[in-house]
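User: I'm new to this one, so please pick a single part and take a close look at it. Then show me how that part fits in with what surrounds it.

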Amino acid sequence: MSDSPKVISVTSGKGGVGKTNLSVNLACCLAKNGKRVVLLDADLGLANVDIVLGLTPTYNIFDLFHGKTLDEVLCETPYGFKILPASSGMSDMMSLETGQKLELLEALDELEDHIDYLIVDTGAGIHDNVLYFNLAVQERIVMLTTEPTSLTDAYALIKVLKQRHGVDRFKVIVNMASSLGLAKDVFSRLYTACDHFLEGVSLDLVGTIPRDPLVRNSIIKQVPFCIGEPNSNAATAMQAIATVVQNWDTPEILDGNIKFFWKKLLFRAS
Ligand SMILES: Nc1ncnc2c1ncn2[C@@H]1O[C@H](COP(=O)(O)OP(=O)(O)OP(=O)(O)O)[C@@H](O)[C@H]1O
Ligand SMILES: [Mg+2]
């Protein structure tokens, strides 16, 4: 495994499947394991990482143009990781002039030597903004639940990324399952559909998280469930997922993984 930071998106076809909760709790678990983690809140519609955590970041990525340093823009959480708020202006970011994009790239480049993981919490669906983030990252975690619409929407997202953009490696997490058997059955149905209709796609089940009423308690308290309810079934599942993520052998990009991510995002062909 390389020492270069890993850039991972948490994404889904259908909304409300648990991406933000997973992103925040994965960040917590990795930080507890001594990793340096930044969570990029890339959900353009509802930037809700801060709501889940009960934090109000003072600055966002655009303040890098207004004299703020990256250190100032990064919002510290009480759980050992930082948030990089993207604000709702990511599409504005893509229409910046080249000079400004380079300036931004330089400022964000600093992350390369200072973190181990950049986790990107995306919006749901197959809109361009969601796709761009998923194209720029190294690994994509597609989340779904046991609801049939969530399965068809996950398949639709994978299909677009594969057929239009050639992405063929996906990690999968089944959330809110009432039993392990049901979760595995949903993964198996997704796997079979991809195997039949999308040639060359590799799907890996990272783990499953049970439906757990203690998750809701933590949301009300605005504390990640891994911290607030460490003995809950969801927290146990989350720890196991973090261990799997830490053991991924992600291919290294010579140019630097973080640099590659921002470059791809900012200078994508329109
Ligand atoms: N394992 C779980 N057990 C019980 N409830 C859960 C679990 N995971 C998530 N939830 C519930 O699902 C709701 C949606 O979760 P979350 O906001 O993380 O989804 P999301 O995919 O980020 O949504 P969006 O697509 O709107 O960004 C949460 O409010 C929480 O109550
Ligand atoms: Mg969300």
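Analyst: Let's start with F170, which is buried, since 23 C-beta neighbours lie inside 10 Å. For this label, a residue is buried if 20 or more other C-beta atoms lie within 10 Å of its own, exposed if 12 or fewer, and partly exposed in between, with C-beta atoms placed from the backbone. This is a predicted model, where local features need pLDDT of at least 70, side-chain atom pairs count only at pLDDT 80 or more, and totals for chains, interfaces and linings use all residues. Residues are numbered from 1 along each chain as its sequence is written, while chains are lettered from A and ligands numbered from 1 in the order in which they are written.

F170 belongs to strand β7, so let's make that strand our part. Helices (H or I, at least four residues) and strands (E, at least two) are DSSP runs, numbered from the N terminus. Leaving out anything within four places in sequence, F170 is in contact with R140, V142, I158, V201 and L203. Being in contact here just says that two C-beta atoms, placed from the backbone, lie within 7 Å. E139 is 31 residues away from F170 along the sequence, yet their C-alpha atoms are 6.9 Å apart in space.

Another residue of β7 is M176. It counts as buried, having 22 C-beta neighbours inside 10 Å. What's odd about its backbone? M176 has a positive phi of about 60°, although it isn't a glycine. Q222 also has a positive phi without being a glycine, at about 55°. Q222 sits in the loop between α9 and α10 (225-228) and counts as partly exposed, with 13 C-beta neighbours inside 10 Å.

Now for the strand next door. β7 pairs with β8 in the parallel sense, over eight bridges; to count as a pair, two strands need at least two bridges found by DSSP. In general, strands of a sheet pair through backbone hydrogen bonds, either parallel or antiparallel. One of the bridges here links V172 with L205 in β8.

V172 and L205 turn up again around F187, a residue of helix α8 (180-197). F187 touches V172, V174 and L205, not counting residues up to four places away in sequence. F187 is buried too, with 22 other C-beta atoms within 10 Å. From F187 to L203 the C-alpha distance is 9.1 Å, with their positions 16 residues apart in sequence.

Step back, and β7 falls into place in an open sheet of eight strands, ordered β3-β4-β2-β5-β1-β6-β7-β8, with mixed pairing. At the edges stand β3 (75-76) and β8 (202-210); each has a single partner strand, so one side of each has no neighbour in the sheet.

Over at the β3 end, β3 and β4 pair in the antiparallel sense, over two bridges, and C75 stands opposite I83 in β4. Five residues lie between the strands of this hairpin, and G80 takes a positive phi near 85° there. β4 (82-85) points K82 and L84 one way and I83 and P85 the other, and all are buried. β4 also runs parallel to β2 (37-42), joined by four bridges, with D41 opposite P85.

Back to β7, which has a link to ligand 1: β7 (169-177), α1 (19-32) and α9 (213-221) each supply at least two residues of its shell. There are 19 residues around the ligand, with G15, G18, K19, T20 and N21 coming nearest; the cut-off is a C-beta atom, placed from the backbone, within 6 Å of the molecule.

How far should you trust all this? The chain's mean pLDDT is 90, and 94% of its residues reach 70 or more, where pLDDT is the predictor's confidence in each residue, from 0 to 100. Confidence is lowest in helix α4 (90-94), at a mean of 68, and highest in helix α11 (233-246), at 98. Where pLDDT is low, the predicted coordinates shouldn't be read in detail.
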